Structure formats: structure tokens, C-alpha cells
Amino acid sequence: MGCRHSQTRKNSVAPLVVASENMEEKAMELQIKNEEDAAYLLSLRQTVKWQGLRREQDATLGWCLPNNSRIIMSLGITEMNVPAQKVVDFVFPKTKDDCANFFKITSGGLVVDLDYEMRGDVGWIWLRHNYGVRGIKDREGLFAQRHFVDRLGNHFVIISNLAQWDKHPPSKEYVRGHLGGITGYVIRPLSENSCEVALMCMSDLKGWFPTWLSNMFATNIGRMVILIRNHLQSTS
């Protein structure tokens, strides 16, 4: 099965990359594309021909491999009996410790190292994955994220590729994966103490990656919404 999508959005800006060396300038660049990025996220939910779309633990999960086992798209949607802002505070951490806690709960131990820095309203994240599979090199990722609320009260946590961060240049020890387009969460309040959370992610794992592992990785990304829901509801 195929996948109907484009990595360049119609009538919108190209997928966000940041090449400026100045961190404050980068933060400004990340703030001016909120509406375009939000529209793109919302369109993914409706236009992608998700494979294996199913219900699991009161969540809707989907995935898509568009003709390349390296490129994966993932979807996870669930309702949570917690306020929307509490979800935002968890998925958009403001400190390195909070960031480490997020990945501890959601990554299943795959994230073995990370760094985090907050500049203005933009969070910068570098992390390294260890898949524990012979022949698969560790991956590292480098991206930025920010949060905003639209006029309808929907929360968007937008996650975007980062072209460079001087503190973490590319390393020959790891394969640096990329987000294939804008990725993030759409958090829609349902009441004062409940919300719907949708996670949409497009990743390019780079390098060699077996299809069976791509399938597992794609479905596990969608399951993050279940892990987030269970954690937040248990701590409310």
C-alpha cells in the first residue's frame, strides 16, 4: 500500500530547517511559521492513507511506509482525562530533567543519551537511540520544538528538524536521522479536565534499517500517546 503525502506543503512554506548560527535568530525563525505548520499537521491526519489503522487500548494507531523502509509515518490518537495544559507541560518540557523524564516514560529505554536547552519559547533537543540490534548503528536526532494555541483553543506542540547546533555537530559514531517534515502533537480540549491528543510523526531513519524494525518503530511511535495518557492519568 502506498502513502499519499508530500514533504513540501502546497501553498505553504517548505519543511522547516534552521541554518542560522545564532540561537536567538533561530528561535525567531521558529516562531513565524505556526499557522502553516499547524495546517500541515492537521492535513496529515486526514490525507495520509494510513496502513494498519486500528484501535488499541482506547487509542487509534496507524502507520505508513511510503515505499522505503527508512521513511516511516506514525499516528496515535487518544482521549485523556487530564487538562490539555497538563499534556502540553509534559510533551513540551522546559528543563533537561523534565525532558529526560519524558523520554524515560515514552522511549522504552531506546534513548540512552540526551541534551536539552531552552531559548525563549523554543526547546532544543539532541538525543541518541540504541536499538540493541546487531548491524544497526545507533541513531542520533537533533530537533527543536515550540508550543502555541490557535483561536479555537487547540494546542499545537510543533517539532521540527534542526539543521545544526554547534554544541552537537554530526558524529561519525552515529547515524543522524531526520524528521521528514513537520511533526508534533495536536491537543484539543474536550472539557476543563479532558482532551484529545493526536501525535503525527514523519521520520527518515537514514542508513540501512530492516523493514521489520521499521514496522515496529512506526507502531511504537503511535503508542506513545497511550504511554503519555497512562502516566498523566496515574499522576493526576
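1. A disulfide here is a pair of cysteine sulfur atoms within 2.5 Å. With that in mind, a search of the whole structure turns up 0 disulfides. Please keep in mind as you read on that this is a predicted model.

2. Two cysteines deserve a look while we are on the subject. Cys-64 is buried, because its relative accessibility is 0%. Cys-99 also counts as buried, because its relative accessibility is 0%. For Cys-64 the setting is easy to describe, since strand β2 covers residues 59–64.

3. On the overall picture: the protein chain has 6 helices and 11 strands. Of its 236 residues, 53% count as buried. The accessible surface comes to about 11200 Å², and carbon and sulfur atoms account for 51% of that. As for contacts between residues at least 6 apart in sequence, 63% of them join residues at least 24 apart.

4. Now to β2 itself. Is this strand largely enclosed or largely open? It is largely enclosed by the rest of the structure, because 5 of its 6 residues are buried. β2 pairs with β1 (residues 51–56) through 4 bridges, and the two run antiparallel. β2 also pairs with β3 (residues 71–80), again in the antiparallel sense, over 6 bridges.

5. If you would like to check the register of these pairings, a few residue pairs will help. Between β1 and β2, Arg-55 stands opposite Thr-60, and Arg-54 has Leu-61 as its bridge partner. On the β3 side, Ala-59 is bridged to Thr-78.

6. The link from β1 to β2 is worth a moment in your viewer. The two strands form a hairpin with 2 residues between them. One residue in the turn, Gln-57, has a positive phi of about 50°.

7. Helix α5 comes next. This helix runs over residues 211–222, which makes 12 residues. From its first C-alpha to its last, α5 reaches 17 Å, close to the 16 Å expected at 1.5 Å a residue. Its buried residues are Leu-213, Ser-214, Phe-217, Ala-218, Thr-219, Ile-221 and Gly-222.

8. What do the buried residues of α5 pack against? Their partners are β1, β2, β3, β11 (194–204) and α6 (224–234). This brings us back to the strands of the earlier points: β1 and β2 form the hairpin, and β3 pairs with β2.

9. Just before α5 there is a loop to look at. Lys-206 sits in the loop between β11 and α5. Lys-206 counts as partly exposed because its relative accessibility is 27%, and the partly exposed class lies between 20% and 50%. Lys-206 and His-178 are 28 residues apart in sequence, and their C-alpha atoms are 7.5 Å apart in space.

10. My last point concerns Ser-107, found in the loop between α4 (96–106) and β4 (111–119). Why does Ser-107 count as buried? Its relative accessible area is 15%, and buried means under 20%. The side chain of Ser-107 reaches the backbone oxygen of Phe-103 at 2.7 Å. A polar atom of that Ser-107 side chain also lies 3.5 Å from the backbone nitrogen of Val-111.

How values were computed: Residues numbered from 1 in each chain as written. Predicted model: local features only at pLDDT ≥ 70, side-chain atom pairs only at ≥ 80, totals over all residues. Heavy atoms only, no water. Buried < 20%, exposed > 50% of the residue type's maximum accessible area, 1.4 Å probe, protein only. Pairing = 2+ DSSP bridges. Expected span 1.5 Å × (residues − 1). Contact = heavy atoms within 4.5 Å. Areas by Shrake-Rupley, 256 points an atom, 1.4 Å probe, with all protein chains shown as cover. Polar contact = N/O pair within 3.5 Å; in protein donor to acceptor, adjacent residues only side chain to side chain.
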